[in-house]
Amino acid sequence: PPDVAARRIFDLGASSVTVYSSMIAVESDAWSGLEAKVVHTLEHLFNFYGDDAGWSFEARGLPYRASPVK
């Protein structure tokens with residue numbers, strides 16, 4: 001899970017991500033535009049339940065939806 005969280009935050013445009021236990025530190029030159037997307041990504045990190053638990057959008061053959069926040 002920490003690797004997945006870090007990768008998704010890097011994919012949003014962060015320049016540095018540090019994950020330690022339940023804390024995540026994110027650095028970005030454009031944090032004001034990135035904050036809402038990071039929050040949404042973390043809130044929906046484990047969005048799959050039941051038989052599909054832990055599967056990514058891509059693995060399930062669905063289009064990736066990084067964030068509805070713009």
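Helices here are DSSP runs of at least four residues labelled H or I, and strands are runs of at least two labelled E. With that in hand, welcome to a tour of a predicted model.

**Figure 1. The whole protein holds 2 helices and 2 strands.** Starting at the N terminus, the elements follow the order α-β-β-α. The chain has 70 residues, and 17% of them count as buried. About 5,200 Å² of the protein is exposed, with carbon and sulfur atoms supplying 53% of that area. If we take the contacts between residues at least 6 apart in sequence, 37% of them join residues at least 24 apart.

**Figure 2. Helix α1 has a buried side and an exposed side.** A5, A6 and I9 are the buried residues to look for in α1. Viewed down the helix axis, these buried residues fall within an arc of 95 degrees, so they line one face of α1. An α-helix has 3.6 residues a turn, so residues three or four places apart point the same way. Turn to the face of α1 that looks away from the buried side, and you will find the exposed residues D3 and D11. The buried residues of α1 pack against three partners: β1 (16-20), β2 (23-27) and α2. A6 is a good residue to zoom in on: leaving aside residues up to four places away in sequence, A6 touches V17 and V19.

**Figure 3. G13 comes after helix α1.** The phi angle of G13 is positive, near 120 degrees.

**Figure 4. Helix α2 covers residues 31-43.** With 13 residues at 1.5 Å a residue, α2 should span 18 Å; the C-alpha atoms at its ends are 17 Å apart, which agrees. Its buried residues are L34, V38, H40 and T41. Down the axis of α2, the buried residues fall within an arc of 165 degrees, so they too line one face of their helix. That buried set packs against α1 (2-12). On the face of α2 turned away from the buried side sit the exposed residues S32 and E43.

**Figure 5. Six residues make up the largest nonpolar core.** Look for A6, I9, A14, V17, L34 and V38. Both α1 and α2 contribute to this core, each with at least two residues. As a general tendency, nonpolar side chains in soluble globular proteins are buried together.

**Figure 6. T41 sits in helix α2 and has a polar neighbour in K37.** Is T41 buried or exposed? T41 is buried because its relative accessible area is 6%, and the cut-off for buried is under 20%. A polar atom of the T41 side chain lies 2.8 Å from the backbone oxygen of K37.

**Figure 7. E35 is a partly exposed residue of helix α2.** The relative accessible area of E35 is 39%. This value places E35 in the partly exposed class, because that class lies between the buried cut-off of 20% and the exposed cut-off of 50%. How far apart are E35 and L12 in sequence and in space? E35 and L12 are 23 residues apart in sequence, and their C-alpha atoms are 9.9 Å apart.

How values were computed:
Residues are numbered from 1 along each chain as its sequence is written. This is a predicted model: local features need pLDDT of at least 70, side-chain atom pairs count only at pLDDT 80 or more; totals for chains, interfaces and linings use all residues. Side-chain values use heavy atoms; hydrogens and water are left out. The expected span of a helix is 1.5 Å times one less than its number of residues. Buried means under 20% relative accessible area, exposed over 50%, partly exposed in between (1.4 Å probe, protein chains only). The arc is that of the directions from the helix axis to the C-beta atoms. Contact means heavy atoms within 4.5 Å. Accessible areas come from the Shrake-Rupley method with a 1.4 Å probe; for residues, only the protein chains shown count as cover. A nonpolar core is a set of buried Ala, Val, Leu, Ile, Met, Phe, Trp, Tyr and Cys residues joined through side-chain atoms within 4.5 Å. A polar contact is a pair of N or O atoms within 3.5 Å; within protein, one must be able to donate a hydrogen and the other to accept it, and residues adjacent in sequence count only if both atoms are side-chain atoms.
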